[in-house]
Structure formats: C-alpha cells, structure tokens
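Visitor: I'm new to this one. Could you walk me through how to read it?

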Amino acid sequence: MDKNFQEEELTQIIKFTPPLHKQRHQFVKDLVEKFKPKKVADLGCADCSLLRMLKFCSYIEVLAGLDICASVMKEKMHTLSPLPVDYLQPSERTLTITLHHGSVAHKDPCMLGFDLVTCIELIEHLEESELKKFPEVVFGFMAPKIVVISTPNSDFNPLLPGVMLYRHPDHKFEWNQAQFQSWALETARCYDYSVEFTGVGYPPTGMEKVGFCTQIGVFVRKYPQTDESVQPEKPNEAVYKTVFKIVYPSLKDEKYLQNAVISEVIFTAQIIKHRFMSKQEEHGDDPERKFKFQPSTDCFSDYLGKLVVDKNMEPFVRGNEVYIPLATIFSFPKVSRLCGTFEKLCKLIAGKVTLSSDGSAVMFNIEHENEEN
C-alpha cells in the first residue's frame, strides 16, 4: 500500500493542512532554497514525488533517486521526463535526473559528490542489519554536505486512530523522540556532523510534549571534505542498476542554444521590420507598398526609440528587400544575453537565417510576403 495513502487514512481525525507528506516535501524544498545545492540525491525515492518537486528548483543540476523497489519507480518515472515546453524554451541550467535500483546498505560510486541527501520516511523501513550499515554508507562513504532524515515519532502514535503498533505494515520500528535524537547525535559525533532537530505535523494544543508527528534531523558536515578524508576503499564496480536517466534540454547545449538564438533573431528582426515599414508608410516614402501587418509591438517600439543608432544600424530597403542590421538585433538584451558576443551570434545563425551578401543584415523579401498576405 502507498505509504502516503496509508498515512492520510491514519491522520483523518487530526487534520494536517497541507497533508503531512506534502509538508515533508515542502520542508526539503525550503532547505534547498536556503542552501542552494547543485546535486541532490533522494534515498528511498519510491514514487519519485519529491524528485518531481525538486526538478523545478533552478539551483539543482543533478537529481538522483534510489529505491529498493524498482517497480514503484518504473511506474512513475515517466513523470520526471521533460515536457514539450522544456524543448521549446530550454533552461539556461543543465539538469540530469537518474533513478537507481538498489539498497542504502550498499556503497556505489554513482552516489558520490552530492551536496544534499534526503532520507524521507526511509530508516523505519530498514532491517536491523541494514540500519547498522546505513550511517557508514550515507555519512562515511557518500559524505554529503547536508543530510535530511525524517521518521515517524512514536510519541505521537496514541493520537492517531487505529495505530496498534506501527503506522505502516512495512515499518520495522518506530522511534520516540529520545530514541531518534540519541541515534542521530551518536551518528553525527562519529562522522563529524552537527545535527538540529525539528519536524512537521504539530500536535493538538495542550499536547505539545508529544512533539511533531514526523520528526526530522538536519545534519550538516562540520568540515569540508579533503582528499585525506575520502574513504580509500571506494568500490570500483557499480552495485546499483540504473533504471532511468534523462538529460533535460539546456542552452548550454550548442544545439538547443542555436535553435533558441535563431528563433529570437527572426522574431526580433520581424518586429523591427514591421515597425520600420509602418514608419515608411506614414512618411509616404513608397506609396506603392501596402505592407500593413502590424502586431502589437509597444515594448519593442519603446526600446527601439531609445536606441542611439548610427547609419549602419538603421534598417533599409533595397529593391524588394528590407534589411535589418545584425548590430541592431544584437543590441536587444535577450539576443545579446543568449549569444554573449556578436561573433557568437554570427556563428550560430550562419546558414540558418537569410542574410545580406556581406552577412551584416537579416534580409526579407517584401514582395513575396505581400503576395502571401
């Protein structure tokens, strides 16, 4: 049975708003906003719901999930795939998401180098032998800067209807506040971490002593990891099986950057051209031309009006063609931010956009467009 569904059934009398599992996820998200980790691993990721939330955090570049149950991950892993908008408007950051099948009692080099490791409602599912190995794997081998561990607080259980022993049939134990804090303090001492205790799910008024429904320990490594502190016996062979991996489209990938630049150059050139042609008609420079397609361009018009341009940046007409100088297009903030340099702009659009013979301007055939209109 899904642990979140089971939990909602148990907490239906004591109302938690939002639901307890969402409060735990929000706690992790707030921590990410505070510490801004680039690499995050979720141990015991189950249905990947926490990973789905974290993929929208702009600081994160690498997300990894690990679970002992491959079928649960595979059922939901498609929800981690990019959406159409991710391809149409690639992000400036890189993002790689990977799911692994394996046990937190085993060491695998793919789990090294993470800034933040989350273990949300995980440890209570571990057998005694696995729990003994868990601290060495997470704090000794992986040694991230921050570890977040949440687990049920058994002091709260008498307030939950229908709980006889444990909240979920797969739980091997449930600790009270004193037991969890004792284990966490000893673990922190052994591996040079500090730990602070908090939680989510407040008890009813007047029963504050029972503590939070979910107790949380936030571990922070005391000292930066050095070459001397790295375990010498790192395994060379992978023990986890990768079941899913996706790399999101990013503007750091030349292919996606080129597509974005080409689209922005054509869009910007069209806006400049439409405004230029409107001005031409207003001044009666060429009464023969009736190019009247004029979308709303207030923001562009304002910006163009502020540009101090010399002759070589002004649009011009030659025969049936209108030319928009690349220098003018590059002066627009979004284009210059995408390209970085004018030389990069020229390189990215070469052969992809119709240019003047000397390559200095984007060219449009007005006669052809008038026929289409």
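Guide: Happy to. Let's begin with the whole chain: this is a predicted model, and 48% of the protein's 373 residues count as buried.

Visitor: What does the protein expose, and how much of that do carbon and sulfur atoms supply?

Guide: The exposed surface comes to about 19,800 Å², with 53% of it supplied by carbon and sulfur atoms.

Visitor: And how many helices and strands does the secondary structure come to?

Guide: You'll find 13 helices and 11 strands. As for contacts between residues at least 6 apart in sequence, 74% of them join residues at least 24 apart.

Visitor: How do I read a sheet?

Guide: Here's the general idea: strands of a sheet pair through backbone hydrogen bonds, in a parallel or an antiparallel way. In this structure, look for an open sheet of three strands, ordered β9-β10-β11, with antiparallel pairing. Its edge strands, β9 (316-318) and β11 (361-365), each pair on one side only. On average, neighbouring strands in this sheet are turned by 30 degrees against each other, ignoring direction.

Visitor: How many bridges join β10 to β11?

Guide: Five, and β10 covers residues 321-325. Within that pairing, tyrosine 323 sits opposite methionine 363 of β11.

Visitor: Where is the pLDDT below 50?

Guide: Where pLDDT is low, don't read the predicted coordinates in detail. Here the protein averages a pLDDT of 87, and 83% of the residues score at least 70. Residues 287-300, though, have a pLDDT below 50, and that stretch has 24 contacts in the model beyond near neighbours in sequence. Residues 305-309 also stay under 50, with three contacts beyond four places in sequence.

Note on methods:
Residues numbered from 1 in each chain as written. Predicted model: local features only at pLDDT ≥ 70, side-chain atom pairs only at ≥ 80, totals over all residues. Heavy atoms only, no water. Pairing = 2+ DSSP bridges. Helix = DSSP H or I, 4+ residues; strand = E, 2+ residues; numbered from the N terminus. Axes fitted to C-alpha atoms, helices over the stretch in contact; angles between N-to-C directions. Buried < 20%, exposed > 50% of the residue type's maximum accessible area, 1.4 Å probe, protein only. Contact = heavy atoms within 4.5 Å. Areas by Shrake-Rupley, 256 points an atom, 1.4 Å probe, with all protein chains shown as cover. pLDDT = per-residue confidence, 0-100.
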